[in-house]
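Work through the exercises below with the sequence and the model at hand. Each task is followed by a solution in steps.

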Amino acid sequence: MSRNRWLGAAAAVAGAAAVGALTHRGPGRALDRRLYHAINRPRGPRADAFFKGITELGSIWAAVGATIALSRMGRRRAGLDALGAAVAMWGVGQLAKKAVMRPRPYEAEDEHRLLIKEPRGTSWPSSHPGVLLTYLLVVTRDLGTPAPIRGALMGLARAVGVSRIYVGVHYPADVVSGMMLGRAIAGAWSSVVSPLVLEGLGAVSTGSAPGTVVA
């Protein structure tokens, strides 16, 4: 892994931890709660349906489904590589949840809207947008996805992040931290693990850049 990638991953992890710490209590916590209430407030049935409809795109099961779809399109190696990274992000998220034990908004706030079934685990960090971002960053690097499509996919990950607040299961700081962790894990995975996985599956040609799929 290049020095810049290490620094970028370390900075993202530090940023996630800083966001969590700054919003644990005091003015940061008050701001986090205000933002939560501003995003969680009702905006009509269409908005409810939209955010409920996209929020599970960040689940690990959605990543499995995407991998199956890519396999059927002849991109199995890229799908499996991205799925491994997504599982790693999910695991990190679960460990962080157990370490921090931050209550979810519907447990801590007197006023809240909960639009989906209560999820398992605690609030910080938000795994869904982190898992989706990790998957998308790795798979688009592997496939050499054009910048406009990649940008649209990153926008989808951000929309899923907003949805977790809108449906009432996370605070904004949870989402920001989760996406920072996802970016860190995706960068580390693509630099360290992807070349090994793809080469082992015969997906990297001699002289190819790490993580570049040629078939």
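**Exercise 1. Find the contacts of Arg-5 beyond its sequence neighbours, and place the residue in the chain.**

Step 1. Leaving out residues up to four places away in sequence, Arg-5 touches Gly-187, Ser-190 and Ser-191, where contact means heavy atoms within 4.5 Å.

Step 2. Arg-5 belongs to helix H1 (residues 3-22). Helices are DSSP runs of H or I with at least four residues, numbered from the N terminus.

Step 3. Arg-5 and Ser-190 are 185 residues apart along the chain, and their C-alpha atoms are separated by 9.7 Å.

Step 4. The relative accessible area of Arg-5 is 35%, so the residue is partly exposed. The classes are buried (under 20% relative accessible area), exposed (over 50%) and partly exposed in between, with a 1.4 Å probe and protein chains only.

A note on the source: this is a predicted model, in which local features need pLDDT of at least 70 and side-chain atom pairs count only at pLDDT 80 or more, while totals for chains, interfaces and linings use all residues. Residues are numbered from 1 along each chain as its sequence is written, and side-chain values use heavy atoms, with hydrogens and water left out.

**Exercise 2. Describe how helix H4 packs against H7 and against H5.**

Step 1. Two packed helices are described by the angle between their axes and the distance between the axes. Axes are lines fitted to C-alpha atoms, for helices over the stretch in contact, and angles run from 0 to 180 degrees between N-to-C directions.

Step 2. For H4 (residues 60-72) and H7 (residues 127-143), the axes come within 9 Å and cross at roughly 20°. H4 and H7 are therefore roughly parallel to each other. Angles under 35 degrees count as roughly parallel, over 145 as roughly antiparallel, 65 to 115 as roughly perpendicular and the rest as oblique.

Step 3. On the H4 side, Ile-60, Ala-63, Ala-66, Thr-67 and Leu-70 meet Val-131, Tyr-135, Val-139 and Leu-143 of H7. By class, the contact of H4 with H7 has eight nonpolar residues, one polar and no charged ones. Here Ala, Val, Leu, Ile, Met, Phe, Trp, Tyr, Cys and Pro count as nonpolar, Asp, Glu, Lys and Arg as charged, and the others, Gly among them, as polar.

Step 4. The axes of H4 and H5 come within 8 Å and cross at roughly 170°, so H4 and H5 are roughly antiparallel to each other.

Step 5. Residues of H4 in this second contact include Val-64 and Ser-71, and those of H5 include Arg-76, Gly-79 and Trp-90. The contact of H4 with H5 divides into nine nonpolar residues, three polar and one charged.

**Exercise 3. How many salt bridges does the whole structure hold, and which parts of the chain do they join?**

Step 1. Side chains of opposite charge can pair when their charged atoms come close. A salt bridge is a side-chain nitrogen of Lys or Arg within 4 Å of a carboxyl oxygen of Asp or Glu.

Step 2. A search of the whole structure gives four salt bridges. Three are worked through here.

Step 3. One of them pairs Arg-113 with Asp-48 at 3.4 Å, N to O. Arg-113 lies in the loop between helix H6 (105-108) and H7 and Asp-48 in helix H3 (residues 45-54), so the pair ties together parts 65 residues apart in sequence. Both Arg-113 and Asp-48 are buried.

Step 4. Glu-56 forms a salt bridge with Arg-164, with the closest N and O atoms 3.7 Å apart. Glu-56 is in the loop between H3 and H4 and Arg-164 in helix H8 (residues 147-166), so this pair ties together parts 108 residues apart in sequence. Glu-56 is partly exposed, at 41%, whereas Arg-164 is buried, at 2%.

Step 5. Asp-174 and Arg-102 meet in a salt bridge at 3.3 Å, N to O. Asp-174 sits in helix H9 (residues 172-200) and Arg-102 in the loop between helix H5 (76-100) and H6, 72 residues apart. Asp-174 and Arg-102 are both buried.

**Exercise 4. Locate two unusual backbone features.**

Step 1. Most residues other than glycine have a negative phi, and most peptide bonds are trans.

Step 2. The peptide bond from Trp-124 to Pro-125 is cis, with omega near -5°. Pro-125 lies in the loop between H6 and H7.

Step 3. Met-101, which is not a glycine, has a positive phi of about 55°. Met-101 is in the loop between H5 and H6 and counts as exposed, at 52% relative accessibility.

Note on methods
Helix = DSSP H or I, 4+ residues; strand = E, 2+ residues; numbered from the N terminus.
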